[in-house]
Amino acid sequence: MAERGMSRRRGLILLSAMAGTAWASESFKPRQRLSITKPPIQLDQQVPKVMDGWAIDASIIPLQPDASLQARLDVLYSQLLARTYVNSLGQRVMLSIAYGADQSSEATAVHRPEFCYSAQGFRVSNAGKQILDLGGKPLEVQRLIGEMGARVEPITYWVTLDEHATLPGLSRKLDQLRYGLKGQIPDGMLVRVSTVGLPKAESFAVQQQFLEALYKSVPASVRSRFFGS
């Protein structure tokens, strides 16, 4: 009888602990969407079609995910923008931006160029991190080289959380945790540019020129959402 009573008490304690854990998990679940407290992101309107010597070249479409990956991206992201721009010298930069109103988890890692390009058959190598100077503001970016057959595509990208620019990894996870502890759900985006047909060093220089033009052309009211504050 004593053993039966002790077993019952253990069961009640365990049940209470499980209920408490479930309550705490639900109570501390982030609920405040930061995207509704700020000017809305409208990629198609806020990214100009013509800017400081660059204009859209509709003849070239940036690398697109296959159908299965695209279906996953459509669930994870609120908006996707893919364009190619050309300047007066005939140099082309492919721009891809993926924006999501909920960037509170690592689920959105599916769109990282390392994974997205690899899924398309590219061999992707790390070309190092770099600090770009955009309008006097430092921006840390990740550089990659994507190769598939004769195609060599240097890539530059970064991600944002709310108004903070970062890169995937521990620092981004810590940022997500900080927002979560405040009960906030940050929005954010992944911004990627790439070039084809140019030497690596020239590619990254052209990409920086394009990003400087993009930085100046995005409306000031949302610029920090694209590039960080």
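Modeller: Patches are residues with over 30% relative accessible area and no salt bridge, joined within 9 Å for like charges and within 5 Å for nonpolar side chains (Val, Leu, Ile, Met, Phe, Trp, Tyr). Areas are Shrake-Rupley values with a 1.4 Å probe, and for residues only the protein chains shown count as cover. We're looking at a predicted model: local features need pLDDT of at least 70, side-chain atom pairs count only at pLDDT 80 or more, and totals for chains, interfaces and linings use all residues. Residues are numbered from 1 along each chain as its sequence is written, and side-chain values use heavy atoms, leaving out hydrogens and water.

Biologist: OK, which residues make the nonpolar surface patch of about 440 Å²?

Modeller: Start with Leu177, which sits in helix 5, residues 170–181 (helices are DSSP runs of H or I, at least four residues; strands are E, at least two; both numbered from the N terminus). Leu177 counts as partly exposed because its relative accessibility is 49% (buried is under 20%, exposed over 50%, partly exposed in between). The patch is made by Leu170, Leu174, Leu177 and Leu181.

Biologist: What's the phi of Asp52?

Modeller: Asp52 is in the loop between strand 2 (50–51) and strand 3 (54–56). Most residues other than glycine have a negative phi. Asp52 goes the other way, with a positive phi near 40 degrees.

Biologist: And Asp162, buried or exposed?

Modeller: Asp162 is not a glycine either, yet its phi is positive, about 55 degrees. Its loop runs between strand 8 (151–161) and strand 9 (164–166). Salt bridges with shared partners put Asp162 in one network with Lys38 and Glu163. With a relative accessible area of 10%, Asp162 is buried.

Biologist: How many residues apart in sequence are the parts that Lys216 and Asp52 tie together?

Modeller: Their salt bridge (a side-chain nitrogen of Lys or Arg within 4 Å of a carboxyl oxygen of Asp or Glu) has its closest N and O atoms 3.1 Å apart. Lys216 is in helix 6 (residues 200–217) and Asp52 in the loop between strand 2 and strand 3, so the pair ties together parts separated by 164 residues.

Biologist: How far apart are the closest N and O atoms of Arg92 and Asp57?

Modeller: Arg92 is partly exposed at 35% relative accessibility, whereas Asp57 is buried at 10%. They form a salt bridge, and the closest N and O atoms are separated by 2.5 Å.

Biologist: Which strand holds Arg123, the residue paired with Glu147?

Modeller: The side chains of Glu147 and Arg123 meet in a salt bridge, 3.3 Å from N to O. Glu147 belongs to strand 7 (residues 137–148), 24 residues away from its partner, and Arg123 to strand 6.

Biologist: How many salt bridges does a search of the whole structure find?

Modeller: Side chains of opposite charge can pair when their charged atoms come close. In this model, the count of salt bridges is 10.

Biologist: Now the inside: which helix gives the most to the largest nonpolar core?

Modeller: That core (buried Ala, Val, Leu, Ile, Met, Phe, Trp, Tyr and Cys joined through side-chain atoms within 4.5 Å) has 32 residues. Strand 4 (79–86), strand 11 (188–194) and helix 7 (223–227) are among the elements that each supply at least two residues. The most, 6 residues, comes from helix 6.

Biologist: Which residues is Phe210 in contact with, leaving aside neighbours within four places in sequence?

Modeller: Phe210 is among the core members that touch the most others, along with Leu95 and Trp158. Its contacts (heavy atoms within 4.5 Å) are Met51, Trp54, Tyr85, Val93, Leu95 and Val193.

Key
Buried < 20%, exposed > 50% of the residue type's maximum accessible area, 1.4 Å probe, protein only.
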